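Me: I'd like a close look at one part of this model, namely how the packing around a single core residue ties in with its surroundings. Could you walk me through it in one go?

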Amino acid sequence: MTPHTPAAPHPAPDVFYPIVPTAAWVARLVPLGVRTIQLRAKDISPEDARAEIAAAIAIAKPAGCRLIVNDYWQAAIDLGATDLHLGQEDLATADLAAIRRAGIALGLSTHSEDELETALAAEPAYVALGPIYETKLKAMKWAPQGLERIGAWKRRIGTLPLVAIGGITPERATAVKAAGADSIAVITDFMTAPHPEARVRLWLDWAATVRG
């Protein structure tokens with residue numbers, strides 16, 4: 001399989017980053033030293049989503065934290081976001097030319113080889129693969145990808161950053177990284193923890209050892 005040759009690269013997301021549903025969560029986690037965070041606001045109106053994105057940018061930007069906006073590409077452009085993440089359905093309807101003109105780094109979800117080829121055609125800043133392991137956050141139509149699929153994806157995308165997501169814990173993280181993932185995105189592991197901030201600190205400690 002011929003490795004993909006990416007366009008001018010954007011920096012990879014940090015080796016660990018949390019995905020959160022609200023700007024309030026951004027406010028909770030950014031002070032811990034999180035370097036990248038993704039805002040995935042679901043089941044709210046476009047107006048409320050825009051307000052959440054604006055608030056999250058106002059929190060993350062002064063702290064030097066990279067904020068990835070999920071789904072709402074027009075709001076991301078309008079509000080001056082630097083990073084955007086889209087699923088395959090949103091990719092099909094997004095204005096990629098407008099996103100590029102805004103200088104926004106675009107990350108894309110993939111679950112199959114067909115989706116990977118679709119994503120690569122859009123010249124993304126990074127590709128996400130999931131779920132790596134079974135996840136209880138939501139019902140998934142895709143079976144767990146496993147570590148071997150991470151290696152296959154990395155060989156295909158070459159130097160393009162690869163984000164792994166889904167069912168990853170600190171105990172599994174080193175193996176996921178060794179399999180080829182550049183970054184690990186996490187939701188369930190800290191959101192369901194008795195003390196989410198303490199769990200994120202554990203992740204940050206792991207990330208510090210990986211960065212050296």
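What follows starts at Val-176 and works outwards to the helices, the barrel and the salt bridges.

Reply: Sure, and keep in mind that this is a predicted model. Val-176 is a handy place to start, since it is listed with Leu-67, Leu-84 and Ile-168 as the residues with the most contacts inside the largest nonpolar core, a set of 56 residues. The largest share of that core comes from helix H10 (residues 196–211), which puts in 5 residues. As a general background point, nonpolar side chains in soluble globular proteins tend to be buried together.

So who does Val-176 touch? Skipping neighbours within four places in sequence, the partners are Ile-132, Tyr-133, Leu-147, Ile-150, Ala-164, Ile-168, Ala-181 and Ile-184. Two of those, Leu-147 and Ile-150, also turn up in the packing of helix H7 against helix H8. H7 covers residues 146–157 and H8 covers residues 170–179; their axes are 8 Å apart and cross at about 35°. On the H7 side the contact uses Leu-147, Ile-150 and Gly-151, while H8 brings Ala-175, Val-176 and Ala-179. Sorted by class, that makes 5 nonpolar residues, 1 polar and no charged ones.

Now for the barrel. Its 8 strands close up in the order S1-S2-S3-S4-S5-S6-S7-S8, with parallel pairing, and the twist from one strand to the next averages 25°. Ala-164, a contact of Val-176, falls within strand S7 (residues 162–165), and S7 runs parallel to strand S8 (residues 183–186), joined to it by 3 bridges. Ile-184, another contact of Val-176, falls within S8. In that pairing, Val-163 stands opposite Ser-183 of S8. Val-163 has another role too: it belongs to a second, separate core of 8 residues, which also includes Tyr-17, Ala-128 and Ala-185.

Over by strand S2 (36–39) and S3, helix H2 lies across both strands and runs at about 170° to S3. H2 (residues 46–60) also carries Arg-50, which forms a salt bridge with Asp-78. Their closest N and O atoms are 3.1 Å apart. Asp-78 sits in helix H3 (residues 73–78), 28 residues from Arg-50, so the bridge is one that links distant parts of the chain. Both ends are partly exposed, with relative accessible areas of 44% for Asp-78 and 34% for Arg-50.

How does that compare with the bridge between Arg-66 and Asp-83? There the N to O distance is 2.7 Å, and the two residues come from strand S3 (residues 66–70) and strand S4 (residues 83–86), 17 residues apart. Here both ends are buried, Arg-66 at 15% relative accessible area and Asp-83 at 5%.

Back at H10, Arg-199 bridges to Asp-189, again with 2.7 Å between the closest N and O atoms. Asp-189 belongs to helix H9 (residues 188–191) and Arg-199 to H10, so this pair ties together parts that are 10 residues apart in sequence. Asp-189 counts as buried, at 13% relative accessibility. Glu-171 comes in as well, because shared partners join Glu-171, Asp-189 and Arg-199 into one salt-bridge network. In total, the model has 9 salt bridges.

How values were computed. Residues are numbered from 1 along each chain as its sequence is written. This is a predicted model: local features need pLDDT of at least 70, side-chain atom pairs count only at pLDDT 80 or more; totals for chains, interfaces and linings use all residues. Side-chain values use heavy atoms; hydrogens and water are left out. A nonpolar core is a set of buried Ala, Val, Leu, Ile, Met, Phe, Trp, Tyr and Cys residues joined through side-chain atoms within 4.5 Å. Buried means under 20% relative accessible area, exposed over 50%, partly exposed in between (1.4 Å probe, protein chains only). Helices (H or I, at least four residues) and strands (E, at least two) are DSSP runs, numbered from the N terminus. Contact means heavy atoms within 4.5 Å. A salt bridge is a side-chain nitrogen of Lys or Arg within 4 Å of a carboxyl oxygen of Asp or Glu. Two strands pair if DSSP finds at least two bridges between them. Axes are lines fitted to C-alpha atoms, for helices over the stretch in contact, and angles run from 0 to 180 degrees between N-to-C directions. Ala, Val, Leu, Ile, Met, Phe, Trp, Tyr, Cys and Pro count as nonpolar, Asp, Glu, Lys and Arg as charged, and the others, Gly among them, as polar.
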